[in-house]
Amino acid sequence: QVQLVESGGGLVQPGGSLRLSCVASGNIFMIHVMGWYRQGPGKQRDLVAAMAKDGSTNYADSVKGRFTVSRDIAQNTVYLQMNGLKVEDTAVYHCNADVENTLGSVEGFWGPGTQVTVSS
């Protein structure tokens, strides 16, 4: 099995910054894609940003130019640098990873989430 643990959430004023981290551990041979989704109150869970192992990235239009996703491949870690935060960025942010195990199977895993609240 694989465990994902997020950290770095909190309360920040509009215009502020936060950096989220997520570390994966367990039966991991390779992580193909690793990234972040968010779920606001009463909303569905949507992609924020993700990075493939080749370095290619995918961002939600609403965060382009403000958020940056990065990975430490060797440490099975993904980061999300969030600048220029807006009230509408308030959500629970979940880490997601597509993990290939030592038997060659690929499966998606989720972290429990970290709360990000943007408020004055």
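The exercises below, each with a worked solution, concern salt bridges, one sheet and one asparagine in a predicted model.

**Exercise 1.** Find the salt bridges of the model, and work out which residues they join into one network.

*Solution.* Begin with the general idea that side chains of opposite charge can pair when their charged atoms come close. The rule to apply asks for a side-chain nitrogen of Lys or Arg within 4 Å of a carboxyl oxygen of Asp or Glu, and by this rule the count comes to three salt bridges.

Take arginine 38 next: its salt bridge is with aspartate 89, and the closest N and O atoms are 2.9 Å apart. This pair links distant parts of the chain, since arginine 38 belongs to strand S4 (residues 30–39) while aspartate 89 sits in the loop between strand S8 (77–82) and strand S9 (91–100), 51 residues apart. Arginine 38 and aspartate 89 are both buried.

Then turn to arginine 66, whose side chain meets that of aspartate 89 in a salt bridge of 2.8 Å, N to O. Arginine 66 lies in the loop between strand S6 (57–59) and strand S7 (67–72), and aspartate 89 in the loop between S8 and S9, so the pair ties together parts that are 23 residues apart in sequence. Arginine 66 is buried, as is aspartate 89. Through shared partners, Arg38, Arg66 and Asp89 are thus joined by salt bridges into one network.

Finally, consider aspartate 61 and lysine 64, which form a salt bridge with their closest N and O atoms 3.0 Å apart; both of these residues are exposed.

**Exercise 2.** Determine the strand order of the open sheet of four strands, and say which strands are its edges.

*Solution.* The order is S1-S3-S8-S7, with antiparallel pairing. Strand S1 (2–7) and S7 each pair on one side only, and they are the edge strands. Neighbouring strands of this sheet are turned against each other by 15 degrees on average, direction ignored. Within the sheet, strand S3 (residues 18–26) pairs with S8 in the antiparallel sense over six bridges, and serine 21 stands opposite tyrosine 79 in S8.

**Exercise 3.** Is asparagine 96 buried or exposed, and which residues does it contact beyond its neighbours within four places in sequence?

*Solution.* Asparagine 96 is placed in strand S9. Its relative accessibility is 11%, and because buried means under 20%, asparagine 96 counts as buried. Its side chain reaches the backbone oxygen of phenylalanine 109 at 3.3 Å. With those neighbours left aside, asparagine 96 is in contact with Leu4, Val33, Met34, Gly35, Tyr37, Phe109 and Trp110.

Key. Residues are numbered from 1 along each chain as its sequence is written. This is a predicted model: local features need pLDDT of at least 70, side-chain atom pairs count only at pLDDT 80 or more; totals for chains, interfaces and linings use all residues. Side-chain values use heavy atoms; hydrogens and water are left out. Helices (H or I, at least four residues) and strands (E, at least two) are DSSP runs, numbered from the N terminus. Buried means under 20% relative accessible area, exposed over 50%, partly exposed in between (1.4 Å probe, protein chains only). Two strands pair if DSSP finds at least two bridges between them. Axes are lines fitted to C-alpha atoms, for helices over the stretch in contact, and angles run from 0 to 180 degrees between N-to-C directions. A polar contact is a pair of N or O atoms within 3.5 Å; within protein, one must be able to donate a hydrogen and the other to accept it, and residues adjacent in sequence count only if both atoms are side-chain atoms. Contact means heavy atoms within 4.5 Å.
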